[in-house]
Protein chains: 2
Amino acid sequence: MLPSSTVENYLKAIYLGSSAAQTQPQRLLPMGQLASALGVAPGTATTMVKTLAESGLVKYEPYAGVALTAAGQKLAAMVVRRHRVIELFLVRVMGYGWDEVHDEAEQLEHVVSNRLIDRMDEMLGRPEVDPHGDPIPDARGVVKPQQAQSLLTCPLNTRVTITRVIDQDKSFLRFIESHHLKPGESIEVEERDAASDSVRVRGKDDQRVTIGTRAASKLLVQ
Amino acid sequence: MLPSSTVENYLKAIYLGSSAAQTQPQRLLPMGQLASALGVAPGTATTMVKTLAESGLVKYEPYAGVALTAAGQKLAAMVVRRHRVIELFLVRVMGYGWDEVHDEAEQLEHVVSNRLIDRMDEMLGRPEVDPHGDPIPDARGVVKPQQAQSLLTCPLNTRVTITRVIDQDKSFLRFIESHHLKPGESIEVEERDAASDSVRVRGKDDQRVTIGTRAASKLLVQ
DNA sequence: GCGGTAATTTTGATTAGTCAAAATGTGGAA
DNA sequence: TTCCACATTTTGACTAATCAAAATTACCGC
């Protein structure tokens, strides 16, 4: 039986929620986090997760949290793959701005056939990342591990390239774009200041930008 | 409140069902026909149509049938527009065969945004018909009336051009394609024979094909 | 004008997904 | 160790969409 959009959304949220601040491997995602990621009441998430557990898609530990099984992992990876291929397709082929693709992809990811995704993927040259630099799982669900350095951890006064922006908020994305901090841009972190909770960056044409620590943590570099 | 996929499907079925063998204008579609077009039980259609009537999308006459109101007409036309734009996009841009597009479009039509449809429409040059020759309603929901002559009514031994194929069945479409009877092809009807219930056609390279009356009625020409 | 057949509507029940609010469990602070 | 705050689960109820089967209506032929 093919999974409903709802089931796909739960699996995706667990997938993304578990890999987010992945300190330990195999960590359990607390139900509260899952519920708020999905915008549903806590009890709703509990109920749904229990039925997912019965289908063998997740492992559920009452009062502890939830994690994907191998089967759930595979399914979730396919949803994420579809989402990210679609995002890149919308930007490259359909002329969307990178801040406009998320909602559209959110809808399309549940109805697009494997065939169409593969056509897009082929047309795009089997890309490894989407417009935000998020890695695209391959057709088997495998993601290439990318080393994670953020603006908070990379060496100072050293040229680095922005590889990924971890946030889908439209206004944040527009800010990033207007200051030439999109993936692919070359920059240098000049200074980090704990007192002012900010990071100063030298970017394109030696322009300076100062951004908050929280925002800086969302920019990954290499 | 935006209509669910289910509501969209009901409206579309009424739209297509009413225009099908449109003898009288404003004719009521019988509930049985609607139910079987949607593949639901008759009682289900009755229930749903009553709620559509309460929303002002259809006019419902118990025991007689159902017709779209102006509002329902508009909504239905938009669904059909999305469907047909998507079909053409899949063929022209994504390299689909014309017999492969229906199911994919059936899913996509309910989730694609107006913006994406307009991008596709623009990319395709504001087309007036889809790959089967079905007319595409414009952004206001208006369809250009096309004069309807079928292989059963057009003059004999006169060059005509196939403009439309009214059937979504895969094997029928493949048959049509393999005998060079797709929209755009130039042909001539040589003979109609009531006894054998068939029509003989001279097509590309003077090749002859004989097809049944029922099939012939689905090929429209100009 | 009277039946009977076929279409239609009603009825009662089911499934998926959801919420609000009450009940319960967990883990940290004192 | 005891208790409290907070996270989590349970409960009861609701909505949309569906079906099967019983009840009803329409209309055609005689």
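Contact is taken here to mean heavy atoms within 4.5 Å, and in this predicted model that criterion identifies what covers the buried residues of helix H1 of chain B, a set that includes helix H2 (31-38), helix H3 (42-54), strand S1 (58-61), strand S2 (65-68), helix H4 (70-92) and helix H5 (101-108) of chain B. The buried residues of H1(B) are B:Val7, B:Glu8, B:Tyr10, B:Leu11, B:Lys12, B:Ala13, B:Ile14, B:Tyr15, B:Gly17 and B:Ser18. The geometry of this helix was also examined: H1 of chain B comprises the 15 residues 5-19, which at 1.5 Å a residue should span 21 Å, and the end C-alpha atoms are 21 Å apart, so the expected and computed values agree.

One of the residues buried in H1(B), B:Tyr15, is in contact with B:Ala77, a residue of helix H4 of chain B. The C-alpha atoms of B:Ala77 and B:Tyr15 are separated by 7.6 Å, although the two residues stand 62 residues apart along the chain. Because its relative accessible area is 1%, under the 20% limit, B:Ala77 is classed as buried. When residues up to four places away in sequence are not counted, B:Ala77 touches B:Pro137 and B:Gly141 in addition to B:Tyr15.

In chain A, two domains are assigned, domain 1 (5-68) and domain 2 (149-221), and their C-alpha centres lie 31 Å apart. Helix H1 of chain A, residues 5-20, contains A:Lys12, which has a relative accessible area of 7% and is therefore buried, the limit being 20%. With residues up to four places away in sequence left out, the contacts of A:Lys12 are A:Ala76, A:Val79, A:Val80, A:His83, A:Glu106 and A:Glu109.

Turning to the nucleic acid, DNA strand D has 19 residues around it, of which A:Gly32, A:Lys50, A:Tyr60, B:Ser4 and B:Thr44 come nearest. Of the atoms of DNA strand D within 4 Å of the protein, 87% belong to sugar or phosphate, and the rest belong to bases. Phosphate oxygens of this strand are approached from both chains: a polar side-chain atom of B:Ser4 lies 2.6 Å from one such oxygen, an N or O atom in the side chain of A:Thr46 is 2.8 Å from a phosphate oxygen, and for the side chain of B:Tyr10 the corresponding distance is 3.2 Å. Helix H2 (31-38) and helix H3 (42-54) of chain A, together with H1 and H3 of chain B, each supply at least two residues of the surface near DNA strand D, with H3(A) giving the most, 4 residues. By class, this surface has 11 nonpolar, 7 polar and 1 charged residues.

For DNA strand C, the residues that come nearest among the 19 around the strand are A:Ser4, A:Thr44, B:Gly32, B:Lys50 and B:Tyr60. Sugar and phosphate account for 87% of the atoms of DNA strand C that come within 4 Å of the protein. An N or O atom in the side chain of B:Lys50 is 2.3 Å from a phosphate oxygen of this strand, a backbone N or O atom of B:Gly32 lies 2.7 Å from a phosphate oxygen, and an N or O atom in the side chain of A:Tyr63 is 3.3 Å from a sugar or linking oxygen. Two or more residues of the surface near DNA strand C come from each of H1 and H3 of chain A and H2 and H3 of chain B, and H3(B) gives the most, with 4 residues. The residues of this surface divide into 11 nonpolar, 7 polar and 1 charged.

Definitions and conventions
Residues numbered from 1 in each chain as written. Chains lettered and ligands numbered in written order. Predicted model: local features only at pLDDT ≥ 70, side-chain atom pairs only at ≥ 80, totals over all residues. Heavy atoms only, no water. Domains from an automatic or database assignment. Expected span 1.5 Å × (residues − 1). Buried < 20%, exposed > 50% of the residue type's maximum accessible area, 1.4 Å probe, protein only. Near = heavy atom within 4 Å. Polar contact = N/O pair within 3.5 Å; in protein donor to acceptor, adjacent residues only side chain to side chain. Nonpolar A, V, L, I, M, F, W, Y, C, P; charged D, E, K, R; others polar.
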